[in-house]
Amino acid sequence: MQAAEKPDTKRGVVAAAAANAAAASFASLTSKLDYLSPADLEQVRLAYRFADEVHLGQLRNSGELYITHPIAVAAQCADWKLDAPALMAALLHDSLEDCGVTKVELIERFGSPVAELVDGLTKLDKLHFNTREENQAESFRKMLLAMARDVRVILIKLADRSHNMRTLSASPREKWQRISSETLEIYAPIAHRLGLNQTYRELQNLSFCHLRPWRFAILSKAVDKARSKRRDLIQKVQREVEAMFANAGMKVRIAGREKTLHSIYKKMDEKHLSFAQVTDIYGFRVLVPSVLDCYTALGMLHQLYKPVPGKFKDHIAIGKLNGYQSLHTTLVGPSGVNVEFQMRTEAMHVVAESGVAAHWLYKANHPQEGGSGERLGSKWLQSLLDIQDETRDAAEFWDHVKVDLFPDAVYVFTPKSQIMSLPRGATVVDFAYAIHSNVGDRTVTARINGQQVPLRTELRNGDVIEVVTAPVSTPNPAWLSFVRTARARSKIRHHLKSMAQTESESLGGKMLAQALRAEGIDQLPGDSEAHRAIWDKLLRFTGNRARAELLTDIGLGKRIAGIVAKRLVVLLTEIGEKPDALLLTRERFGNQEAVSQGALVLDGSENASVKFAACCRPIPGDAILGYLGRGEGLVVHAADCPVARKLQHKDHERFITVEWSDEPIRPFETGVLVTVTNGKGVLARVAAALASAEADIVHIDMGEEANQDAADLRFVIAVRDRAHLDNALRNLKRTPSVLQAVRAKVAS
């Protein structure tokens, strides 16, 4: 009889032990709830008792009572200082799904807010994230659905997923792959977008551990080994940094930071690096009292160790969309080892680790300023409100989102998955300027979703955009015809205006110097005291405020360099600096017809300050002359251009002598007229002939003569000089189906 009673006795002992464990777990939860009022604490206790009742008899895979799971989820929410309804929902989050409890019953017992939260969590559980079979739109759809509801819903869900991942080892091994992939591809990105960096890192590491257990173990050993090897080095850096701040009397808190195993593995995999080549495994966080102290600490660290160029990021001035703020810099520490430092205030640290949850943390610590915390977190979540209708078709849902939720905006992603909001119709160039004006100014090309696209391409919701820049690139005036944002338009105009002004000043200086040489003065007056007086008198004569303004006016054609030069000669003569008769004779010899301003040499580097007339498209080798249009700078025409001849009759004094440099630095555009017999492949053969002559095609006009036997093709091509053009024309004339190929003197 005693033997028969043993199993029951054993079960009773196990049940009692489990009950005691659950009670102990709830006791540990209540110890975290000291920020709640007594009334709220009692409500949480009632929710626990109800959850304990409905889960009675249920066990987890680990053999523990099921109630330990809701308690663990609530404990995580308590760490974020979520309010009482959220904690109650955390305790009850599986009651609707698993225990047959109705929403009406929850409303009667705990009120509508708690029931809505539990109902939201239950609906979220019904979404199955089969990410291996679903496309990006489907994954994004589910993230929107999760976040568009009460933010507390997704916070509780993330706490739920965190605890499930911590105990995943107790589940059957065949579930590891699916659950870990789902966590890594859906829940970790949600945590990242919400700024929950601590949860984000934990979910990544736990997923990596169960997805790639062998690689996780190997990498873990490598990090432990590296940690022991570099312990002395890291301690030395910490001692030196602490001593530096102590000597300066600056109050700081320094904490070590280690790169997660998943991020190390991802970096090794994406950049094809060995473990030894990953240099930023270890780093430090420097927590300071104020924002100003962040920059002070940065300067002090840059004095202690040399910074690595290009490794500084200011996320305080330009905060991330999820609210993250911090200064990042990488320094070359002892033994040449790179060490990353992050400078932030205590408030920034709370947001950096807890993101949206910082709102409740802030309210708990500053109850008198409850509303202030709402500024913390993700501004972009404000647009994800009241999504009522769910659909199984991701494409249909996506259209619904675009039309109803974002009627005036598109949401796109950077390659690092940061979300950006832009007006509908915005282009790649708008995106580049939204990132940073320097990125916009230096944009060369771009890829959308991995495909190269023109810069005028309009962006669509969900696009992932990668901008390619070049240090020598500058904004193109043509961008103004398609950009949509005021920021991009103003930045382009400002850059073009600054560039044009700088170049016009340089051109004006060259023109005035040439005009002075024609008057017998070798160079412009310098900055000596006597010459400064000369410049002051000249500026009073011209009405300009500064020398740069006068030179810019000359470059823009608002003033004639010859007239200014003659006045300058008079002023120089007054202080005894007379023209050189030999230089005067040499400069004017053989140039009797030109206005006495000398010849300006052009090599193609003048950019905005010099324009080449579209009516005749002059190229090196052509005889040319320059026309100083009023306020439009120097316009270069071919000497035999009919338009230039008409202007000479009206404004002869505004023409100056210009000539080509012996070695122009870039190709120049000119027009070519090609007459061909219509047929298949004609355009391809003509384009191939131009390509073989190394002439770039800038523009093609085929007209409307498709039904005729012969057609005229008008090209604008870029060539080095007349000889290059002649070579291209010879290639064209030898091409089958080409009847004629000549240079076109009128713009095509």
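Helix 21 and helix 23 are oblique to each other in this predicted model, because their axes cross at roughly 140° and only angles over 145 degrees would count as roughly antiparallel. Helix 21 covers residues 529-542 and helix 23 covers residues 561-574, and their axes come within 10 Å. The crossing of these two helices is right-handed.

Which residues of helix 21 meet helix 23? On the side of helix 21 they are H531, I534, K537, L538 and F541, and on the side of helix 23 they are V564, R567, L568, L571, L572 and E574. If we sort the residues of this contact by character, seven are nonpolar, one is polar and three are charged.

Let me move on to a sheet. Here three strands form an open sheet in the order 10-9-11, and the pairing is antiparallel. Strand 10, residues 451-453, and strand 11, residues 465-469, stand at the edges with a single partner strand each, so one side of each is left without a neighbour in the sheet. On average, and with direction ignored, neighbouring strands of this sheet are turned by 35° against each other. For those who are new to this, strands of a sheet pair through backbone hydrogen bonds, either parallel or antiparallel. Strand 9, which runs over residues 443-448, pairs with strand 10 in the antiparallel sense over three bridges, and if you would like one pair to look for, R447 has Q452 in strand 10 as its bridge partner.

Next, two residues with a particular backbone angle. As background, most residues other than glycine have a negative phi. R617, however, has a positive phi of about 45° although it is not a glycine, and you will find R617 in the loop between strand 13 (610-612) and strand 14 (624-629). S737 is not a glycine and has a positive phi as well, of about 80°, and S737 lies in the loop between helix 27 (722-733) and strand 20 (738-744).

Are these two residues buried or exposed? R617 has a relative accessibility of 16% and therefore counts as buried, since the cut-off for buried is under 20%, whereas S737, with a relative accessible area of 24%, is partly exposed.

Finally, please look at H328, which is found in strand 5, residues 327-332. H328 counts as buried, at 11% relative accessibility. What does H328 touch, if we do not count residues up to four places away in sequence? Its contacts are K311, F312, K313 and H315, together with E340, F341 and Q342.

Terms used: Residues are numbered from 1 along each chain as its sequence is written. This is a predicted model: local features need pLDDT of at least 70, side-chain atom pairs count only at pLDDT 80 or more; totals for chains, interfaces and linings use all residues. Side-chain values use heavy atoms; hydrogens and water are left out. Two strands pair if DSSP finds at least two bridges between them. Helices (H or I, at least four residues) and strands (E, at least two) are DSSP runs, numbered from the N terminus. Axes are lines fitted to C-alpha atoms, for helices over the stretch in contact, and angles run from 0 to 180 degrees between N-to-C directions. Buried means under 20% relative accessible area, exposed over 50%, partly exposed in between (1.4 Å probe, protein chains only). Contact means heavy atoms within 4.5 Å. Angles under 35 degrees count as roughly parallel, over 145 as roughly antiparallel, 65 to 115 as roughly perpendicular and the rest as oblique. A crossing is left-handed if the near helix is turned anticlockwise from the far one by less than a right angle, and right-handed if clockwise. Ala, Val, Leu, Ile, Met, Phe, Trp, Tyr, Cys and Pro count as nonpolar, Asp, Glu, Lys and Arg as charged, and the others, Gly among them, as polar.
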